[in-house]
Amino acid sequence: MTDTHHATCVARRGRAALLRGPSGSGKSDLAFRFLETYADAWLIADDQVILSGAGSHVYASGPNVLKGLLEVRGLGIVSRAVPADAKLFPIALIVDMTPNQALPRIAEPHFETVNGVDLPVIPLAAFEVSAPQKLALALETIGQGHFPGDDGRMS
């Protein structure tokens, strides 16, 4: 199954995060800062993300016309490296852009089924200074199939 979503997708260390939210919620801004912060991060797609299921994984890619292009609001469209084969990076995490005042102190476990695959979902305030680091931490921990324990500690 293949479908297109208004979203942005970035990857690091072989795992991808799907960034969702309405226009202006900070998806591209967070992606830009994440890519600038981590030299081993990749842009998979911006603005339009094509999701396809393959067995127990969901993979993301972008339309050819948008490949390698990232919108930097206020400046324009910039080019960023995209891996030759996005299927190297299964989606490990869905990140919903959430206003800062609506963020919970500790994320409750929440999953969403996408193309038959249960994926963890977390809220994140895209415009926080620490948002790129929080995204990296989430990919390293929550994206491994678990949430913080009942005591709220990250592994």
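Here are four short exercises on this predicted model, each with a worked solution.

**Exercise 1. The overall layout**

Work out how many helices and strands the protein chain has, and in which pattern they follow one another.

*Solution.* Start with the tally: the secondary structure comes to two helices and nine strands. Next, walk along the sequence, and the pattern reads β-β-α-β-β-β-β-β-β-β-α. Now look at the contacts between residues at least 6 apart in sequence: 67% of them join residues at least 24 apart. Finish with exposure. Of the 155 residues in the chain, 46% are buried, and the accessible surface comes to about 8,000 Å², with 53% of it belonging to carbon and sulfur atoms.

**Exercise 2. The buried side of α2**

Find which residues of helix α2 are buried, and explain how they are arranged around its axis.

*Solution.* First, list the buried residues in α2, which spans residues 131–140: Ala131, Pro132, Leu135, Ala136, Ala138 and Leu139. Second, look down the helix axis: these buried residues fall within an arc of 160°, so they line one face of the helix. Third, recall a handy rule: an α-helix has 3.6 residues a turn, so residues three or four places apart point the same way. Last, ask what lies over the buried residues of α2. Their cover includes helix α1 (27–37) along with the strands β1 (2–12), β2 (15–20), β7 (91–97) and β9 (117–124).

**Exercise 3. How the two helices meet**

Describe the packing of α1 and α2: what is the crossing angle, and which residues make the contact?

*Solution.* Two packed helices are described by the angle between their axes and the distance between the axes. Here the axes of α1 and α2 come within 9 Å and cross at roughly 75°. Angles of 65 to 115 degrees count as roughly perpendicular, and α1 and α2 are therefore roughly perpendicular to each other. On the α1 side, the contact is made by Leu30, Arg33, Phe34 and Thr37; α2 brings Ala131, Pro132, Gln133, Leu135, Ala136 and Leu139. Sorting the residues of this contact by type gives seven nonpolar, two polar and one charged.

**Exercise 4. Two positive phi values**

Locate Asp47 and Asn115, and decide whether each is buried, partly exposed or exposed.

*Solution.* Most residues other than glycine have a negative phi. Asp47 has a positive phi, near 80°, and sits in strand β3 (residues 41–54). With a relative accessible area of 33%, Asp47 is partly exposed. Asn115 also has a positive phi, near 50°, and is found in the loop between β8 (111–114) and β9. The cut-off for buried is under 20%, so Asn115, at 18% relative accessibility, counts as buried.

Notes
Residues are numbered from 1 along each chain as its sequence is written. This is a predicted model: local features need pLDDT of at least 70, side-chain atom pairs count only at pLDDT 80 or more; totals for chains, interfaces and linings use all residues. Side-chain values use heavy atoms; hydrogens and water are left out. Buried means under 20% relative accessible area, exposed over 50%, partly exposed in between (1.4 Å probe, protein chains only). Helices (H or I, at least four residues) and strands (E, at least two) are DSSP runs, numbered from the N terminus. The arc is that of the directions from the helix axis to the C-beta atoms. Contact means heavy atoms within 4.5 Å. Accessible areas come from the Shrake-Rupley method with a 1.4 Å probe; for residues, only the protein chains shown count as cover. Axes are lines fitted to C-alpha atoms, for helices over the stretch in contact, and angles run from 0 to 180 degrees between N-to-C directions. Angles under 35 degrees count as roughly parallel, over 145 as roughly antiparallel, 65 to 115 as roughly perpendicular and the rest as oblique. Ala, Val, Leu, Ile, Met, Phe, Trp, Tyr, Cys and Pro count as nonpolar, Asp, Glu, Lys and Arg as charged, and the others, Gly among them, as polar.
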